[in-house]
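Let's take a walk through this protein together. Have your viewer ready, and follow along as we go.

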Amino acid sequence: MITNTELHELGNQFPNHVVSFEQDVDRLYFKTANKIVLELTILRDSVLRFRYGVRGQLQPDFSYAISETAIRGYNHLEISEEVDNYIITTTKLVCKIDKYNLKSKIYDTKGKLINEDELGFHYEEFYDKGGSIVKMSKFSQDREAYYGAGDKPTITNLRGKRIQNWPTDQYAFSKDQDPIYKAVPFYIGLHHENAYGIFFDNSFRSFFDFCHERHNVTSFWAQGGEMNYYFIYGPEMENVVSSYTDLTGYGEVPPLWSLGYHQCKWSYYPESQVKKIAKKFRELKIPCDGIYLDIDYMDGFRCFTWNKDYFPDPKRMVKELSEDGFKTVVIIDPGIKIDEDYSIYQEGIENDYFCKRADGPLMIGKVWPGECHFPDYTNPKVREWWATLFKELISDIGVKGVWNDMNEPAVMEVPTKTFPDDVRHDYDGHPCSHRKAHNVYGTQMARATYEGVKKYSYPKRPFVITRSAFSGAQRYGSSWTGDNVATWEHLWIANVQVQRMCLSGMSFTGSDIGGFAEQPHDELFIRWIQLGVFHPFCRVHSSGHHGDQEPWSFDNEVTDITRKFIELRYTLLPYLYTAFYKYSSEGRPVLKSLVYFDQHDPQTHHRNDEFIFGEKMLICPILSPNSKGRRLYVPRGEWYNFWDNSFLTGGREMWVDCDIDTMPIFVKAGAIIPRYPVQQYVGEIEIEELKLDVYYKNGVEVSNIYEDAQDGYDYQKGRYSLRNFKLRGTKDELIINQHKLGKFNTSYHSFRIHILGLPFEVNEVEIDNVTVSLNELEFDKESHTFKVTKDFSEIHFKS
């Protein structure tokens, strides 16, 4: 019998009136009568951090997501009061905190409302699991749209959707299925042409409701931890994404070979089969840089071992593949087979590196090797140990990249597909259960792998791929979208997933081209290749149980079209490499959804198919069978058809013809696109001349070309080449200015320039204010191509 029991703590608890306020430089503390604390930190004029504590306390401040190098500092901070509110003013924002309930309203400096709490912060005790369920709800503004949130396989605008963050091994997932492999608790809001972002830095299972339950309310909550979120103001979407990427960290510029074409399968073995595949690529002259070994290269699926029946001398094999331009990439999973004769297992046991259950026993789960233990990658000692395990693979054998799979973490033969909640983790000195560590487990494995591969690859750059990821994982390498299916629906999914990942700070992403499960027919494979060569990470991967998926596994037409598009990717490598430089230095996505490209055009807010590749190319894949063309939206501005160089004005939807061997591609007027010659692999030939495709514009356009040694770290010492071009066109003149930064000297000495769309006949050319004869430039009046030294400052074409 229960008598005289107060139940006031059951249900939602809300802040009441503020009883104290303190300022500690950039941190403001508000405390309420019912012991709720708000710590409001001004990180930048446009970035605010809201952190709420209950029962009078804030939790220890620790995050795996936030980068140590994130920019901090503001130009102006003013605190004032009015009757009902505290007012925090920076050069870009005005934030009002209600004195009676801690609700916030955020305005721009012109008084336009950007974001407003509805119920605001509230919480309820999680009596079953412990801790609190922390919640936040905000009003959705008129016609507000929402983007980002990682790899969700759904339309780009998330309004009307509810999602959750809990990485899960979802083999053959379907459209709108959630959760799948990644947890990125970040979204971008857009209304009245202004963009902002919210990053909910909480690693417990979390949820976002974008006007799904209530049409005018967006909310997010987590089953533990703190209500800890960052508000990031634009007003341009590019500002939001760049600031979020700065906050969670930039990745390194990847080695150029990693941007080439990669071939993978579960599984290529034995050695003779690997060699056969490699030889066929070179015979058919289909460019390829990476070849992958899945779990069957191991001895009984034991990580860091080799099956010597299949691969008797892996060092020799890897060396011979390397001599033909192939970089070998191997898979490493987290599960360590329970085997007393297995040295990795012995080291883990002896040093207490494996995860344990709450009452002490080691956590046991079944994956490919059978029963396994799992390293606790949230323990820095375990990460350090894990990194050392790559010495033989990288330093001794010569493997160039590592692919982390099954790190959600995935466990077979259990309904949850993962660890039990009671598994314990170190969490870098903040011990916790798996409820808190689950979302970051895969990223911390990728981190440990990255540290090992980087150490033993030095002085070259590392290449790491991870299936599971949390915010900040981009600091440790690339990712792919998981076990998809060879269907037209999954081709559509791959397109929106990679766009969404790029908006979420994780540009180095691609899909399993052709589909991992089931077998694509000819047309589907072609259309997927056409899309995949314009994704940042370009890899065909398939389950061998469903058949072969190499470019020659279909008919000759498929092989020829596949070659054509892979060759196109290789010619565009300097353009793509420049996009990665901007991603790694400025946080600019390698792919840009149309809403990112032009948020002020409402026609872009609901477009899913079209995207911008790099800065200047519009791509629109063919996503349905038996297509001889498609309708698409060309964004505002002036464009050229990539295939026939015809000129068009955007801001409209149109039909474009495209048979099986082509797809709609457009180039922005004024763009200067660098092109390499076709290579069978990166570094096969020395670049002796760089081709520049110059697209005439009556107006001004800026383009860039970034180059370095294509690998290694000299670029961090200033040994890079960044060419900034400014094109200015009129009806009878064209001027191209060049300004170069960096100390790197490219192997080529000249440009081969091809001007497209020029409306006048060139009769005179000045280079750096000196008239040069057309013959000296090898000028072709019909094609408008000519040769010029790479070091010019200005070229002036006159009619």
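We will start with a sheet, add the helix that lies across it, and finish at one residue in a loop. Keep in mind that this is a predicted model.

Strands of a sheet pair through backbone hydrogen bonds, in either a parallel or an antiparallel way. Here, 8 strands build an open sheet, and following it across gives the order β1-β2-β3-β4-β18-β15-β14-β11, with antiparallel pairing. At the edges you will find β1 (18–24) and β11 (145–148); each has a single partner strand, so one side of each is left without a neighbour in the sheet. Going from one strand to the next, the twist averages 20°.

Now zoom in on one pair within that sheet. Strand β3 (residues 37–44) and strand β4 (residues 47–53) run antiparallel and are joined by 7 bridges. If you look for Arg44, you will see it opposite Val47 in β4.

Next, bring in helix α1, which spans residues 237–248. This helix lies across β3, β11, β14 (186–191), β15 (194–200) and β18 (227–233), and it runs at about 25° to β15.

Our last stop is Asp483, in the loop between β30 (478–480) and α8 (488–503). Is this residue, Asp483, buried or exposed? Its relative accessible area is 10%, which falls under the 20% cut-off, so Asp483 counts as buried. What surrounds Asp483? Beyond its neighbours within four places in sequence, Asp483 is in contact with Asp169, Gln170, Tyr171, Ala172, Phe173, Tyr181, Arg467 and Phe516. With Arg467, the side chain of Asp483 makes a polar contact of 3.4 Å.

Conventions:
Residues numbered from 1 in each chain as written. Predicted model: local features only at pLDDT ≥ 70, side-chain atom pairs only at ≥ 80, totals over all residues. Heavy atoms only, no water. Pairing = 2+ DSSP bridges. Helix = DSSP H or I, 4+ residues; strand = E, 2+ residues; numbered from the N terminus. Axes fitted to C-alpha atoms, helices over the stretch in contact; angles between N-to-C directions. Contact = heavy atoms within 4.5 Å. Buried < 20%, exposed > 50% of the residue type's maximum accessible area, 1.4 Å probe, protein only. Polar contact = N/O pair within 3.5 Å; in protein donor to acceptor, adjacent residues only side chain to side chain.
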